[in-house]
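Reader: I would like to go through this model with you step by step, beginning with its overall contacts and ending with its core. Could you show me the sequence and the structure before we start?

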Amino acid sequence: MIKKRYIVVTVAFSLFLGLVPFIFSSYFPETVDNLLSYYSSLLSFTGSIFIGCVALYFNLSLQYKNNEISKLQYELDQEKHKHELMMDNNRIPFFEISGTSCNQYFLNCIFYIKNVSKEPIRNLQSENLKILHNNLDDLESSDIQFSRLTLEGGATAIVRLKNFAKTERDKGVIKIEWTFSCENEIGTKFFYCARARFDTMQNAGKQYWAIEVLDNFTRDN
């Protein structure tokens, strides 16, 4: 509807500019020179205004498109930043536990936990400990100490486990299930469950523990 109005106005204005000189030249020949001079100035002025309006229109259109592109680019950058932040939050550190040595009946154990990730971790701490003797709960109480709580990528900490048993543990299989946690650089906390099975104290140092990454819903189970 708006385009039709523009067309009608343009056609009417063109007819006006064309008919008026024709009428005046037919009925008032003596005014032709002055009239042509006037219309020449009028057309020049009108053309300048028209060209200025067209230039202004295209400049505004270009500015609008540039603003839309800038807005879209900003939104894309924000989404990229959120994605990168999410990836950083979900970057899970990984560990390796080995070198277990124990005294008689596994009452005092020492093992080594290594951060095998590139990212450093902090606030390494014990969450829970289970010791099974022949598949029965055999932990009276325990004390776990770390040589260091912050590990750079590739660094190792010594873990000392002292515990009191309910039985003599002179025979049978010992199973240790240890839940621990840590934080990455931005404070995201991760939980792990490390499991080891020992038939004798002699083979303890040769075994690697199986480590499972837990989430907030399964870590207490």
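Reader: Of the contacts in the protein chain with a separation of 6 or more, what percentage is accounted for by residues 24 or more positions apart?

Author: This is a predicted model, and its protein chain is made up of two helices and nine strands. Taking the contacts in the protein chain with a separation of 6 or more, the share that belongs to residues 24 or more positions apart is 61%.

Reader: In which element of the protein chain is confidence lowest?

Author: The protein chain averages a pLDDT of 76, with 67% of the residues scoring at least 70. Over residues 217-221 the pLDDT is below 50, and this stretch has four contacts in the model beyond near neighbours in sequence. Where pLDDT is low, the predicted coordinates should not be read in detail. Among the elements, confidence is highest in strand β7 (residues 174-183), at 90, whereas the lowest mean, 58, belongs to helix α1 (residues 2-27).

Reader: Which strands are the edge strands of the open sheet of four strands?

Author: The strands of this open sheet follow the order β1-β2-β6-β5, with antiparallel pairing. From one strand to the next the twist averages 25 degrees. An edge strand pairs on one side only, and this holds for β1 (95-102) and β5 (139-146).

Reader: Which residue in β6 stands opposite N108?

Author: Strand β2 (residues 108-115) and strand β6 (residues 156-165) run antiparallel and are joined by seven bridges. Opposite N108, the residue that stands in β6 is K162.

Reader: How many residues does the largest nonpolar core have?

Author: In the protein chain, buried residues make up 24% of the 221 residues. Strands β1, β2, β3 (122-133), β5, β6, β7 and β8 (189-198) each supply at least two residues of the largest nonpolar core. The residues with the most contacts inside this core are I113, W178, F180 and W209, and its size is 30 residues.

Reader: Leaving out residues up to four places away in sequence, which residues does F180 touch?

Author: F180 is one of the residues with the most contacts inside the largest nonpolar core, and I113 is another. With residues up to four places away in sequence not counted, F180 touches F95, I97, I113, L124, Q125, S126, E127, F190, F191, Y192, A194 and I211.

Reader: What part of the area that the protein chain exposes is supplied by carbon and sulfur atoms?

Author: The protein chain exposes about 15,500 Å². Of this area, the part that carbon and sulfur atoms supply is 59%.

How values were computed. Residues numbered from 1 in each chain as written. Predicted model: local features only at pLDDT ≥ 70, side-chain atom pairs only at ≥ 80, totals over all residues. Heavy atoms only, no water. Pairing = 2+ DSSP bridges. Axes fitted to C-alpha atoms, helices over the stretch in contact; angles between N-to-C directions. pLDDT = per-residue confidence, 0-100. Contact = heavy atoms within 4.5 Å. Buried < 20%, exposed > 50% of the residue type's maximum accessible area, 1.4 Å probe, protein only. Areas by Shrake-Rupley, 256 points an atom, 1.4 Å probe, with all protein chains shown as cover. Core = buried A, V, L, I, M, F, W, Y, C linked by side-chain atoms within 4.5 Å.
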